[in-house]
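Please open the model in your viewer and keep the selection panel handy. We will go from one stop to the next, choosing what to highlight along the way.

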Number of protein chains: 2
Amino acid sequence: MNDTPGNVATIFDVAREAGVSYGTVSRVLNNRDHVKPETRAAVMQAVDRLGFVANQQARSLAGGRSQVIGLLLHGLNTGYSDEILRGIDTELEAANYDLMLYTTHRRKLKESAYVGTITRGMADGLLLVLPRNSPAYLDSLRTREFPYILIDHQGRGGTERSVGAANRQGGYDATQYLIGLGHRRIGFVTGTLDLACATDRLGGYRRALDDNGISFDPQLVFPGDFLQPSGFIAGRALLSLPQPPTAVFSSNDVMAFGIMEAARDRGLSIPGDLSIIGFDDIAQASLVYPQLTTIRQPLEEMGRVATRMLLELIADPQADVRSVTLPTSLVVRGSCLPLRT
Amino acid sequence: MNDTPGNVATIFDVAREAGVSYGTVSRVLNNRDHVKPETRAAVMQAVDRLGFVANQQARSLAGGRSQVIGLLLHGLNTGYSDEILRGIDTELEAANYDLMLYTTHRRKLKESAYVGTITRGMADGLLLVLPRNSPAYLDSLRTREFPYILIDHQGRGGTERSVGAANRQGGYDATQYLIGLGHRRIGFVTGTLDLACATDRLGGYRRALDDNGISFDPQLVFPGDFLQPSGFIAGRALLSLPQPPTAVFSSNDVMAFGIMEAARDRGLSIPGDLSIIGFDDIAQASLVYPQLTTIRQPLEEMGRVATRMLLELIADPQADVRSVTLPTSLVVRGSCLPLRT
DNA sequence: TAGTATCTTGTAAGCGTTTACACGGAAACG
DNA sequence: CGTTTCCGTGTAAACGCTTACAAGATACTA
């Protein structure tokens, strides 16, 4: 309020204003016991009058919480992170936490440096979006008992605390849906296969074929990298086969758009001549024409759940927080049709 | 490296390891003069050996930089912030700064509380994405001489340091393009009109009509709110007019998608029966079918430019940093056609 | 070669909090 | 009514760093 510009009220100013000691002010600010109600009120008034806001740096240096959690991302590229971020944001806001955003741009080295600074006081906990296999610095987090949660990471060892989606089941469901529509020659465009989620989706596809007595044809599987151009290329390749597929399952929506483009290029109508199903259910999926049938991955919810888990862990490091796999769901829109006979 | 779990090396540990005093270590860490080269090397080695990373909290408490800048956003809703964020991230990474993300969810009260905590040591500077008119707390930033830059804010007073886009010119260009294609009855769907960018786009539209001797017809202007459903509603309304428009200019891309939907609902083909032009050029614009012709707003560049301005301001508070308006550009895709006669 | 300026380093103080501890007074107990 | 317990508050120390300031070593000047 009435402070000279540049000079901001400290806990001492509040103490003087309220006629108590700084220790008492701290106790009030932290909702500690052993403070007389009138004193508490007086302090609160002084806080209001001075417009006092505690310095978080000092607070966390002195051993308190920083009320900040870190989020480590590869990048802001896909539109995939945005949705997770939204979930995290929602949950953090409710808990009165702030968010520190770190993007690594896929540089391994940077990641571990980040993890270093983050754990040195910057944040109370860490969320990592790590679709690939666990890097070494997780060890240091573990031994240091620093609270962290992995998002979208399906590590082999059950030791990691993570939240992910049922990629395998989703892949199975997508394939099963197409089979249910009568399709037998079903193309598959993979994601980047060093990511667990990509291999899981492929696994689901193969399993569904198996369960339905359809033999696996390697020709129908085309490698992609989760980006649109690779979808286009894959689409073109699959449609040029001597015996092209009547339906294609794309490991994500963005590549599905590429496949759509390739089909249109060839003069094929969707879904009349070719059924397409995607994975993720990003916002665009319902904006394209025809609207894309896809497997919904609950990204926002993953963000929310992970955040809740992390906050729980921060509150009680011994808490029994276990990995969670959230279910995917089939979203039927307009890009698939029963096989014409 | 070899620290007991939970105990992290401090500057004192480094000093002991290197056989110098902690003051010297600090000097080395901050690249100060007056350190003998051999000493510097010895300290750096000790730093490496111990895997030391400075505690940012302590550092900024003691008067140094926090190497953090804050970003205040309304929310992560539109896909619009993502792109700005990407630009910011790029620039920050280069400058070795970290990002603190604050979302207000449009709650005025929260904003000013945030600004309070941010300026109390949390960050060295602040970026605000503020399409609406400048709120009161900016005054406190100003008197406190805290470095900040506004993004996408076209305030009246030239006092604010901000970076924005040429919304008026963009609106003009879009309209002019449609007129050039022969269209005379051109619908317009507004954005939320309490935002400067929305009124500017409308202004550009009117100006272009004027310049071409086309009289302004209020019936052709329909209020929207930048979200897809309002585009749909607007599209339906415009197309139901006794004399419907042959082209529509939407104040942003997302609403344009809604208009497309409305047109399809009515059995109209795009661009055959109706030309549509958007504004923003978000990622989806090139994914829909037909691909959307639109006015590109250089969001990522806005983020980058604003960040550079802010960093400059942090480095030298007296720097002559002036507001910047970045040009928009017409991106021609497939959603507009010359008027059929 | 004495005197001064410059380099190099160490030490102390302080940034704004929290937390452990101390101490007087009120309440509870026998 | 003396003793014990708990309550309410103040004070000191610590968190890990930066930045004056001091002081010894070294280089430069006349």
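Start by selecting strand S2 (residues 98–103) of chain B together with S2(A): in this predicted model, the two strands pair in the antiparallel sense over three bridges. To see one of the pairings up close, pick Leu99(A), whose bridge partner in S2(B) is Leu101(B).

Now widen the view to the whole contact. Chain A brings 37 residues to it and chain B brings 37 residues. Colour helix H4 (56–61), helix H5 (80–95), strand S2 (98–103) and helix H6 (108–122) of chain A, since you will find at least two residues from each of them on the side that touches chain B. Which element gives the largest share of that side? Return to S2(A), which supplies six residues. If you colour the side of chain A that touches chain B by residue class, you will get 16 nonpolar, 13 polar and eight charged residues.

Next, turn to DNA strand C. There are 26 residues around this strand, and the ones that come nearest are Ile11(A), Ser26(A), Ala62(A), Ser21(B) and Gly23(B). Then highlight helix H2 (22–29) and H4 of chain A, along with helix H2 (22–29) of chain B; these elements give two or more residues to the surface near DNA strand C. H2(A) deserves its own selection, as the largest share of this surface, four residues, comes from that helix.

For a last stop, colour the surface near DNA strand C by class: 12 residues are nonpolar, 12 are polar and two are charged.

How values were computed:
Residues are numbered from 1 along each chain as its sequence is written. Chains are lettered from A and ligands numbered from 1 in the order in which they are written. This is a predicted model: local features need pLDDT of at least 70, side-chain atom pairs count only at pLDDT 80 or more; totals for chains, interfaces and linings use all residues. Two residues are in contact if their C-beta atoms, placed from the backbone, lie within 7 Å. Ala, Val, Leu, Ile, Met, Phe, Trp, Tyr, Cys and Pro count as nonpolar, Asp, Glu, Lys and Arg as charged, and the others, Gly among them, as polar. Two strands pair if DSSP finds at least two bridges between them. A residue is near a molecule or strand if its C-beta atom, placed from the backbone, lies within 6 Å of it.
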